[in-house]
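Here is my note on the model, point by point. Please keep the structure open as you read.

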Amino acid sequence: MSKCKGCGAEIVWIKTKSGKAMPCDTSKVIIVTDEGETVAGYTPHWATCPAANKFKKANMREEKQ
Ligand SMILES: [Zn+2]
């Protein structure tokens, strides 16, 4: 397990379908999809990180490529 460089919280690295590593919160959450299916998953850490502003800019730059 590693720690966020921005806020020091513990994070887990999830590999996305495209093979990229994504930092997520360590606690799993249950969500419901548009089809009414319940799935367990992780919250991307940038969604809850108090220091996320730095990362968001980097992520947006990545998405445009
Ligand atoms: Zn953080």
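1. From the N terminus, the elements run β-β-β-β-α-α. That gives 2 helices and 4 strands. Helices (H or I, at least four residues) and strands (E, at least two) are DSSP runs, numbered from the N terminus.

2. This is a predicted model: local features need pLDDT of at least 70, side-chain atom pairs count only at pLDDT 80 or more, and totals for chains, interfaces and linings use all residues. Residues are numbered from 1 along each chain as its sequence is written, and side-chain values use heavy atoms, without hydrogens or water.

3. The 4 strands form an open sheet in the order S1-S2-S3-S4, with antiparallel pairing. Strands S1 (2-3) and S4 (38-44) stand at the edges with a single partner strand each, so one side of each has no neighbour in the sheet. Pairing requires at least two DSSP bridges between two strands. S1 and S2 (residues 10-15) pair over 2 bridges. Ser-2 has Ile-11 in S2 as its bridge partner.

4. Which protein donors hold the zinc ion? They are Cys-4 (SG), Cys-7 (SG), His-45 (NE2) and Cys-49 (SG), 2.0 to 2.4 Å from the ion. Donors are N, O and S atoms within 2.8 Å of the metal (3.2 Å for Na, K and Ca); water is not among the atoms, so sites may look incomplete. Their spacing along the chain is C-x2-C-x37-H-x3-C.

5. The 4 donor atoms subtend angles of 104 to 117° around the zinc ion, so the arrangement is tetrahedral (four donors, all angles between 85 and 135 degrees).

6. Cys-4 is buried, at 7% relative accessible area. Cys-7 is partly exposed, at 33%. Buried means under 20%, exposed over 50%, partly exposed in between (1.4 Å probe, protein chains only).

Note on methods
Four donors count as tetrahedral if all angles lie between 85 and 135 degrees; four count as square planar and six as octahedral if opposite donors are over 155 degrees apart and all others between 65 and 115; anything else is irregular.
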